[in-house]
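The following paragraphs lead from the domain arrangement of a protein chain to individual residues within it. The reader is invited to keep the structure in view throughout.

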Amino acid sequence: MGRKVTVATCSLNQWALDFEGNLDRILQSIDIAKSRGAAYRLGPELEICGYGCADHFYESDTLLHSFQALRKLLESPITQDIICDVGMPIMHHNVRYNCRVLFLNRKILLIRPKMQMANHGIYREVRWFSPWNQLRKVEEYFLPRMIQEVTGQDTVPFGDCVLSTKDTCIGTEMCAELWNPRSPHIQMGLDGVEIFTNSSASHHELRKADQRVNLVKSATTKSGGIYLYANQRGCDGDRVYYDGCAMVAINGDIVAQGAQFSLSDVEVITATLDLEDVRSYRGELCQPNLESEPRPCHRVKVDFSLSSCDDIYLPTHQPITWHFHTPDEEISLGPACWLWDYLRRSGQAGFLLPLSGGVDSSSTACIVHSMCVLICQAIEDGNRQVLEDVRRVLGDDSYCPQHPRELCGLIFTTCYMASENSSEDTRSRAKDLANQIGSMHMNINIDLAVKGILRIFSVVTGRLPQFRVNGGSHRENLALQNVQARVRMVLAYLFAQLSLWARGKPGGLLVLGSANVDESLTGYFTKYDCSSADINPIGGISKTDLKSFLLHCVEQFQLTSLRGILAAPPTAELEPLTDGQVSQTDEADMGMTYSDLSVIGRLRKISKCGPFSMFCKLIHMWKDALSATEVAQKVKHFFRMYSVNRHKMTTVTPSYHAESYSPDDNRFDLRPLLYNTRWTWQFRCIDNQVAQMEANTPKQ
């Protein structure tokens, strides 16, 4: 009958500028799609060069190598008899565009440039690309000579156009265009386009997946149609993790779903759907002729059908219910996959973590353990690539992990760095957790190093600083804490470089950090302490979420030692003990709770509040707990801390981006590093408002 089509979309673990690896993964996905009977294959955004090339997009080499890879694709027998939709940067009239290239049987059908750019949050596409803002405009693109030699074409259509096959019509969207209030699929649907495709490079954020799914469902609920969504997966060389979720929808229902988190480099999702279902759905809902000014799409015709004549017995995919991960599961899976990509691509032999026995470092340790669980499961499921990567990391061509705990002992080293201010409780908690996850654990005493540094200072100055409890000033107290913290960083890197050497093994270790997003927000950490590391899997996650995650690990991984860690008050243990017990706590040092910080952090970044706007919101949010004066004190205290310590964000360890209120200074949260920390004008506005509110409050 010729009305059922089988289409394929995918999630690929591409790596910026890894043209050879990216090409191999693209070809694998096309081969899998063909083997499943698909006549159309969609891939992620900029999949040929990788999405995260950043300022390498300025380089002519990036454009050149992308075309060289495209030529390889055109020449490959794997790409024959299937419409291939790939992404790459292209320069047209000396302007760079983020493009989709559709080709079939060694002929380029069309090039569709991105029309609406992602330029918010972590995205800076306008820095490298221009949007194609000429609606329905199509021009001729002159192909490079190397492509002409393969295709026999001099020019191809370039612009806002759709592909018209013998049996249907296919229109392209790209990533942010789905999120835009003027999404192209709206007008394309009204003009009869039946299949919409979206190639994305969409990153993971906690609690975000449902937004993406709902947008895809909504796109075809309104006017019917088939929607294919492809996304990148993994760490492509930066702070973000692209979280897959390839999917196919029809008329508002999801019918095929890919994994959000996976160690598989290539995942292909196929679906067989009936075009008549789209036409029937639209019969009553859509009335294109009622448009006052219809603007038909420019159709590029191709002598090819997605369907076959004999498809009566071909079953179609039915609606499914999407399974969303809980935030605890997202923390367990996303950063674990990111760590594995970073490790296997860095050429290092494992991780080293200063394990303090607190919530933060324990969370990092649990994420590494989760990574080992995922690796063992992938190998058990027959993933040869993961097994090859494990063997390469460990330098053992015959190794095959039998248990996550065993693997953890080979690639993960933890160390408890004790000082005279450390308690026996934290030491034993760190040791118990290390034993349960199986890491190679060391106990290191840093007192000798600290005293040596202080002796150097004393010899030079003739003065010896004292802690506050021993009569010292605030400056002395802080300096003594910082010396301990910084010695730990130096020792962490020393052991990361040489601990495997000391055991007669090759390679070095990546140092893992463990400062959470709330501590980064307030600057509650020592600059260049052991929060300074190579990478940090929890730097974008709140303390509140980390505590919940550890409870999840107790049940999921039977890590019972975490109960004691969760019950203990958070402490840096940098000041002297009182009767052998911890006297210093994080929340007392910061002057506010971690719960307060989560609220304030979201208002600062997501709601875009300065001091006065934040005060105006919090007097309502906290009205049952705090007076207006107390709210004002908290807001002013936060902004003083934030502005005094903002310079620390310029050196903070690269962290997994997981929160929409992250203070990451790299490209997400761009702020000055030197502030007027008195905030005189802003704080005066708050004080005036408090005075006005008190004046209007009836006397009791």
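A salt bridge is taken here to be a side-chain nitrogen of Lys or Arg within 4 Å of a carboxyl oxygen of Asp or Glu. In this predicted model, Asp664 and Arg239 form such a pair, their closest N and O atoms being 3.8 Å apart. The pair meets the criterion because a side-chain nitrogen of Arg need only lie within 4 Å of a carboxyl oxygen of Asp.

The wider setting of this pair is the division of the chain into domains. The domain assignment gives domain 1 as residues 4–323, domain 2 as two segments, 328–445 and 496–590, and domain 3 as residues 592–699. A UniProt record, in an unreviewed entry, places the feature "domain: CN hydrolase" at residues 5–275. That span is 26% helix and 34% strand, and its end C-alpha atoms lie 7 Å apart.

How do domain 1 and domain 3 meet, and what area is buried between them? Their C-alpha centres lie 42 Å apart. Twelve residues of domain 1 are in contact with 13 residues of domain 3, and about 1300 Å² is buried between the two domains, with carbon and sulfur atoms giving 46% of that area. On the domain 1 side, the residues that lose the most area to domain 3 are Ile122, Glu205 and Arg239, which together account for 50% of what that side buries. The interface of domain 1 and domain 3 also contains two salt bridges, and four residue pairs are in polar contact between these domains, both residues of each pair being at pLDDT 80 or more.

Attention now turns to two individual residues. Asp389 is located in helix α11, which covers residues 384–394. Is Asp389 buried or exposed? Asp389 counts as buried because its relative accessibility is 3%, and the cut-off for burial is under 20%. Apart from neighbours within four places in sequence, Asp389 is in contact with Trp340 and Arg344.

Leu491 belongs to helix α15, spanning residues 474–502. With a relative accessible area of 17%, Leu491 is therefore buried, again by the cut-off of under 20%. When neighbours within four places in sequence are set aside, the contacts of Leu491 are with Met417, Ile444 and Ile446. Gly591 stands 100 residues from Leu491 along the chain, and the C-alpha atoms of Leu491 and Gly591 are separated by 30 Å.

Notes. Residues numbered from 1 in each chain as written. Predicted model: local features only at pLDDT ≥ 70, side-chain atom pairs only at ≥ 80, totals over all residues. Heavy atoms only, no water. Helix = DSSP H or I, 4+ residues; strand = E, 2+ residues; numbered from the N terminus. Buried < 20%, exposed > 50% of the residue type's maximum accessible area, 1.4 Å probe, protein only. Contact = heavy atoms within 4.5 Å. UniProt positions renumbered as here; feature names shortened; annotations may be inferred. Domains from an automatic or database assignment. Buried area = accessible area lost by both parts, 1.4 Å probe. Polar contact = N/O pair within 3.5 Å; in protein donor to acceptor, adjacent residues only side chain to side chain.
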